[in-house]
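Open your viewer and switch to a cartoon view. Keep the sequence panel beside it, and select each stop as you reach it.

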Amino acid sequence: MKNNRITRLFGIDFPIISGGMVWCSGYKLATAVSNAGGLGLMGAGSMYPEVLREHIQKAKKATDLPFGVNVPLMYPDMEEVMKIIMDEHVPVVFTSAGNPKTWTKTLQAEGIKVAHVVSSVKFALKSQDAGVDAVVAEGFEAGGHNGREETTTMCLIPSVADAIEIPLIAAGGIGSGRAMAAALCLGADGVQIGSAFALTEESSAHDNFKKKSVSLSEGETMLLLKKLSPTRMILNDFAQEVISYEDRGATKEELATLLGRGRSKKGIFEGDLSAGELEIGQVAYQLNEIVPVAPLFDKIKQEYFTTIQKFQS
């Protein structure tokens, strides 16, 4: 797909990007996706600045192909994080959870391609106005932090595609070649896949979290913490406690106290399936095994082509 706008923009073979997910997306996952032909992202949100530098340097040794870093703009140490990214000449940055105007021009001046993650047409247009190279439109099926609008990918992608002129990446609920084909039919130029890559062998998530996620049934994730920061998570003991707080009308402050610090690390990275915050997408119940990145990437790619050929015929 060399003529695709996303493959041209990022210099990759196939328009699949891995999510830059906290506690899952270290250099091993990112470079495995890049080496498979896509664009792998590291998740800066769970790394201290010097840990991020270490992962970037290890990524350079593990691949000669483009890779990127996802940076949640609401996180601390932003000046230091961005300085490291520019000093290390990272080719691509995906920003989220903040104003894209803040860093886009600075990064682009260093030759870095910038994409921004949004959950609505309004913020897609603001991102385009800020000069980003691409927009990631993420439906509320996605795992982790989510848009307050609760717009599904099926509704969001065509709306954003009609509104913007720059390349569009679809995210949220995409874990197969069929879903990728659907996203491109709706107007996307490429897809970002999170949950499926979070549950691969190269993901830095704890095995407990991976095994729990691939054993899920339909309906075992829910979007919670809407007063605080809407987050999709597995319905474990912690999630049930959140539900009880929300049912009695807990304040934003009470929810923040319940969440505390390091709750997602406890669940995703340390493997505490009871007290941890287990962030994963709705699509997880369709995934039933932990596999290496390369065969998963090839499976998605081949299923995409099979689906397209089916409808062409």
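Is F297 buried or exposed? Select F297 and show a surface. F297 is buried, with a relative accessible area of 1%. Remember as you go that this is a predicted model.

**Stop 1: the aromatic rings**

Keep F297 selected and add F14. These two form an aromatic pair that is edge-to-face. Their rings are 6.3 Å apart, centre to centre, with 70° between the planes. F14 is buried too, at a relative accessible area of 2%.

Now look at where the two residues come from. F14 lies in the loop between α1 (5-10) and β1, while F297 is in helix α14 (residues 293-312), so the pair ties together parts that are 283 residues apart in sequence. Add Y304 and F305 to your selection. Ring pairs link F14, F297, Y304 and F305 into a cluster. In total, the structure holds six aromatic pairs.

**Stop 2: helix α2**

Select residues 27-36, which make up α2. How many of the ten residues of α2 are buried? Seven are, so the helix is largely enclosed by the rest of the structure. Colour the buried ones: Y27, L29, A30, T31, A32, V33 and S34. Then show what they pack against: β1, β2 (40-43), α3 (49-62), β3 (67-72), α9 (195-198) and α14.

Step just past the end of α2. There G37 takes a positive phi of about 120°.

**Stop 3: two unusual backbone angles**

Most residues other than glycine have a negative phi. Two exceptions are worth a click.

Select W23. It sits in the loop between β1 (16-18) and α2. Its phi is near 70°, a positive value in a residue other than glycine. W23 counts as buried, at 17% relative accessibility.

Go next to H89, in the loop between α4 (78-87) and β4 (92-96). H89 has a positive phi of about 55°, although it is not a glycine. Is H89 buried or exposed? H89 counts as exposed, at 61% relative accessibility.

**Stop 4: the nonpolar core**

Select V71, I85 and F197. The largest nonpolar core has 73 residues, and these three touch the most other members. Helix α4 gives the most to this core, with six residues.

Zoom in on V71. Leave aside its neighbours within four places in sequence. V71 is then in contact with A44, M78, V81, M82, I85, V93, F94, T95 and S96. Another core, of 15 residues, lies apart from the largest one. Its members include I6, F10, A115 and V117.

**Stop 5: a strand covered on both faces**

In a regular strand the side chains alternate between the two faces of the sheet. Test that on strand β8 (residues 168-171). L168 and A170 are on one side, and I169 and A171 are on the other. All four are buried, and both faces of the strand are covered.

Now show the partners of β8. Strand β6 (residues 134-138) pairs with β8 in the parallel sense over four bridges. V136 stands opposite I169. Strand β9 (residues 190-193) also runs parallel to β8, joined by three bridges. Here A171 stands opposite Q192.

**Stop 6: an antiparallel sheet**

Which order do the strands take in the open sheet of three strands? The order is β7-β11-β10, with antiparallel pairing. The edge strands are β7 (144-145) and β10 (221-224), and each pairs on one side only. Four bridges join β10 to strand β11 (residues 231-234). One bridge to highlight is M222 with its partner M233 in β11.

Add helix α11 (residues 237-247). It packs on the sheet and touches β10 and β11. Its direction makes about 40° with that of β10.

**Last stop: the cysteines**

Select the cysteines and show their sulfur atoms. How many disulfides does the structure hold? It holds zero. Take C185 as a case. The closest cysteine sulfur is in C155, and it is 16 Å from the sulfur of C185, too far for a bond. C185 is exposed, with a relative accessible area of 65%. C24, in contrast, counts as buried, at 3% relative accessibility.

Definitions and conventions:
Residues numbered from 1 in each chain as written. Predicted model: local features only at pLDDT ≥ 70, side-chain atom pairs only at ≥ 80, totals over all residues. Heavy atoms only, no water. Helix = DSSP H or I, 4+ residues; strand = E, 2+ residues; numbered from the N terminus. Buried < 20%, exposed > 50% of the residue type's maximum accessible area, 1.4 Å probe, protein only. Disulfide = S-S within 2.5 Å. Core = buried A, V, L, I, M, F, W, Y, C linked by side-chain atoms within 4.5 Å. Contact = heavy atoms within 4.5 Å. Pairing = 2+ DSSP bridges. Axes fitted to C-alpha atoms, helices over the stretch in contact; angles between N-to-C directions. Phe/Tyr/Trp six-rings, centres within 6.5 Å; stacked < 30°, edge-to-face > 60°.
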